[in-house]
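Got the viewer open? Load the model, switch to cartoon view, and keep the selection box handy.

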Amino acid sequence: AVVSTQSTGKSMITLMNNFSDFEVAVRMYQIAKKPLAKLDFKRAVYICSGEMFDDTLLDMIFYVFDEVGDGYLEYTDFVQIMKFPETGFAAKVVQDEQSTLGEYFKKCVRTEMLRSYA
């Protein structure tokens with residue numbers, strides 16, 4: 001499936017502009033000690049931002065941020081990294097390469113997509 005860069009960018013920016021609401025919603029899963037499934041993530045994004053993430057964007061987010069690889073996101077997998085990018089692995093890479101977190105994310109997604117087609 002082809003992802004529209006413009007609509008994907010708009011969706012991510014809208015989510016980031018409403019991130020505090022999204023964080024509260026996702027935090028409820030952490031309090032309940034429940035991992036966040038794709039459908040729950042998608043619903044939380046929609047409720048908090050009004051954006052409906054398409055499945056391809058959702059798959060990319062889970063592929064990049066699901067540290068365990070179990071198909072679920074923990075609070076620390078996504079929210080903490082997005083909220084405090086300077087504390088995660090990406091910060092070290094960004095610092096080493098003198099680039100922005102956005103550039104790192106794009107590079108990571110591009111590399112993983114190319115690897116899946118190889």
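Here is a walk through the fold, one helix pair, some salt bridges and a few single residues.

**Before you click**

This is a predicted model, so to speak of local features we ask for pLDDT of at least 70, and side-chain atom pairs count only at pLDDT 80 or more, while totals for chains, interfaces and linings use all residues. Residues are numbered from 1 along each chain as its sequence is written, and side-chain values use heavy atoms, with hydrogens and water left out.

**Stop 1: the whole chain**

Color by secondary structure. You get seven helices and zero strands, where helices (H or I, at least four residues) and strands (E, at least two) are DSSP runs, numbered from the N terminus. Read from the N terminus, the elements go α-α-α-α-α-α-α.

Now switch on the surface. The chain exposes about 7,600 Å², with carbon and sulfur atoms supplying 58% of that; the areas come from the Shrake-Rupley method with a 1.4 Å probe, and for residues only the protein chains shown count as cover. Of the 118 residues in the chain, 36% are buried. Buried means under 20% relative accessible area, exposed means over 50%, and partly exposed is in between (1.4 Å probe, protein chains only).

A contact here is heavy atoms within 4.5 Å. Among contacts between residues at least 6 apart in sequence, 52% join residues at least 24 apart.

**Stop 2: α2 against α3**

Select residues 19-31 for helix α2 and 38-49 for helix α3. How do you describe two packed helices? By the angle between their axes and the distance between the axes. For this pair, the axes come within 9 Å and cross at roughly 145 degrees. The axes are lines fitted to C-alpha atoms, for helices over the stretch in contact, and angles run from 0 to 180 degrees between N-to-C directions.

The crossing of α2 past α3 is right-handed, a term for the near helix being turned clockwise from the far one by less than a right angle (anticlockwise would be left-handed). To see who does the touching, show sticks for D21, F22, A25 and Y29 on α2, plus D40, F41, R43, A44, V45 and C48 on α3. By class, that contact has seven nonpolar, no polar and three charged residues. Nonpolar covers Ala, Val, Leu, Ile, Met, Phe, Trp, Tyr, Cys and Pro; charged covers Asp, Glu, Lys and Arg; the others, Gly among them, are polar.

**Stop 3: salt bridges**

The rule: a side-chain nitrogen of Lys or Arg within 4 Å of a carboxyl oxygen of Asp or Glu. By that rule the count is four; we'll visit some of them.

Stay on α3 and pick R43 and D40, whose side chains meet at 3.4 Å, N to O. They sit three residues apart in helix α3, so about one helical turn separates them. R43 is partly exposed at 40% relative accessibility, whereas D40 is buried at 18%.

Next, select K42 and D55, bridged at 3.1 Å, N to O. This pair links distant parts of the chain, with K42 in helix α3 and D55 in helix α4, 13 residues apart. K42 counts as buried at 17%, and D55 as partly exposed at 48%.

Then try E51 and K10, which form a salt bridge at 2.7 Å, N to O. E51 lies in the loop between α3 and α4 (55-65) and K10 in helix α1 (residues 5-17), so the bridge ties together parts 41 residues apart in sequence. E51 is buried at 12% relative accessibility, and K10 is partly exposed at 49%.

**Stop 4: V79**

Jump to helix α5 (residues 75-83) and click V79. Is V79 buried or exposed? Buried, with a relative accessible area of 1%. Leaving aside residues up to four places away in sequence, V79 touches F19, F22, E23 and V26. Draw a distance from its C-alpha to that of R27: 8.7 Å, although V79 and R27 are 52 residues apart along the chain.

**Stop 5: T56**

Back to helix α4 for T56, which is partly exposed at 21%. Its C-alpha is 9.6 Å from that of T8, a residue 48 positions away along the chain.

**Last stop: K33**

Most residues other than glycine have a negative phi. Now check K33: phi is near 60 degrees, a positive value in a residue that is not glycine. You'll find K33 in the loop between α2 and α3, and K33 counts as exposed at 74% relative accessibility.
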